[in-house]
Amino acid sequence: MKTETEHSSSTPLSTGQTWNTQAYAANGRFVANLATGVVALLAPQPGEHILDLGCGDGVLTEQLASTGAIVIGVDASAAMLAAARQRNLNVEQQDATALPYHQQFDAVFSNAALHWITGVSGHQAMLSGVHSALRSSNPKARFVAEMGGQGNIAAIRTALKATLAPFHIDAEATAASFFPSPALYRRLLEAAGFKIQSIELIPRPTPLPNGMGSWLNTFRNGVLDHLSPTDRATALANTIALLEPILRDADGNWSADYVRLRFHATLH
């Protein structure tokens, strides 16, 4: 597979995005730090079996396990899983669109990972696997997640599209992120056999303490790695220049224009 995802995040299925655990810890820790709302929505209980989908380096997995829940984390990134194992967590390498579980979990949780799954068909496959993984005998079985939603990092994506066009790179197609509207994701969830308890878009401007360049190199390396070092430096400088009037305040502080899609779904 998170996850701005940008979660502990997950590696995408078909893009070139890769995860450096040190860079992620330095430039992306806000992803886990800002997950209070979705963790509260999950409300993990002692003894519950929970699957953390796109567990990344395990920061949130560890938090879930501290509640007394029995947690398994899955991710596609070997580097992220190695970092999670350093926390003595139970994690497995799995493709989010081919989950092998059946009736094993009381809840499936995901933070900032699902938007790395490419396209509607990828999400249909993932949702089918999540549905199968949940215990139909448990009336409280649930899928609770937060991901990038419609309008997520719109300014950043627009700037990248403009600055990379002269290099004959379609930034949107190359990044292949999936930022759906609530209406679209409601349809996908319902088609997969879920009942929606809540689903909403949450604008969340997010401070970037290390600046826009660090964010771009961490969360859009799958796009920027297509450039030579010289062209990459030029593209970064041009992107940052375009974004400065919009996402940098008068005191020099950068933020990213995040919009999250958060939902709570149960089995029919």
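Me: How much area does the protein expose, and what share of it do carbon and sulfur atoms supply?
Reply: In this predicted model, the exposed surface of the protein comes to about 10600 Å², and carbon and sulfur atoms supply 53% of that area.

Me: And what percentage of the residues count as buried?
Reply: Of the 268 residues in the protein, 54% count as buried.

Me: How many helices and strands are there?
Reply: There are 12 helices and 7 strands in the protein.

Me: Which residues have the most contacts inside the largest nonpolar core?
Reply: That core holds 31 residues, and the ones with the most contacts inside it are Leu114, Met126, Phe143, Tyr185, Leu189 and Phe263.

Me: Which elements give two or more residues to this core?
Reply: On the strand side they are S1 (49-53), S2 (70-75), S5 (142-148), S6 (194-208) and S7, while the helices that do so are H6 (119-133) and H9 (182-191).

Me: What does the second core include?
Reply: The second core is separate from the largest one and has 25 residues, among them Ala159, Ile169, Leu236 and Ala256.

Me: Ala159 is in H7, then; which residues of H7 are buried?
Reply: Helix H7 spans residues 154-164, and its buried residues are Ala155, Ile156, Arg157, Ala159, Leu160, Thr163 and Leu164.

Me: What do those buried residues pack against?
Reply: They pack against four helices and one strand, namely H8 (171-175), H10 (211-219), H11 (221-224), H12 (229-247) and strand S7 (254-267).

Me: Switching to H5, which of its residues are buried?
Reply: In helix H5, which covers residues 78-85, the buried residues are Met80, Leu81 and Ala84.

Me: Why do they line one face of the helix?
Reply: Looking down the axis of H5, the buried residues fall within an arc of 100°, so they line one face of the helix. As background, an α-helix has 3.6 residues a turn, so residues three or four places apart point the same way.

Me: Now the backbone: what is phi at Ala112, and where does Ala112 lie?
Reply: Ala112 is not a glycine, yet its phi is positive at about 55°, and the residue lies in the loop between strand S4 (107-111) and H6.

Me: Is Ala112 buried or exposed?
Reply: Ala112 counts as buried, because its relative accessibility is 1%, and the cut-off for buried is under 20%.

Me: What about His168, where is it found and what is its phi?
Reply: His168 is found in the loop between H7 and H8, and its phi, near 60°, is a positive value in a residue other than glycine.

Me: Buried or exposed, that one?
Reply: His168 is exposed, with a relative accessible area of 76%.

Conventions:
Residues numbered from 1 in each chain as written. Predicted model: local features only at pLDDT ≥ 70, side-chain atom pairs only at ≥ 80, totals over all residues. Heavy atoms only, no water. Buried < 20%, exposed > 50% of the residue type's maximum accessible area, 1.4 Å probe, protein only. Contact = heavy atoms within 4.5 Å. Core = buried A, V, L, I, M, F, W, Y, C linked by side-chain atoms within 4.5 Å. Arc of directions from axis to C-beta. Areas by Shrake-Rupley, 256 points an atom, 1.4 Å probe, with all protein chains shown as cover.
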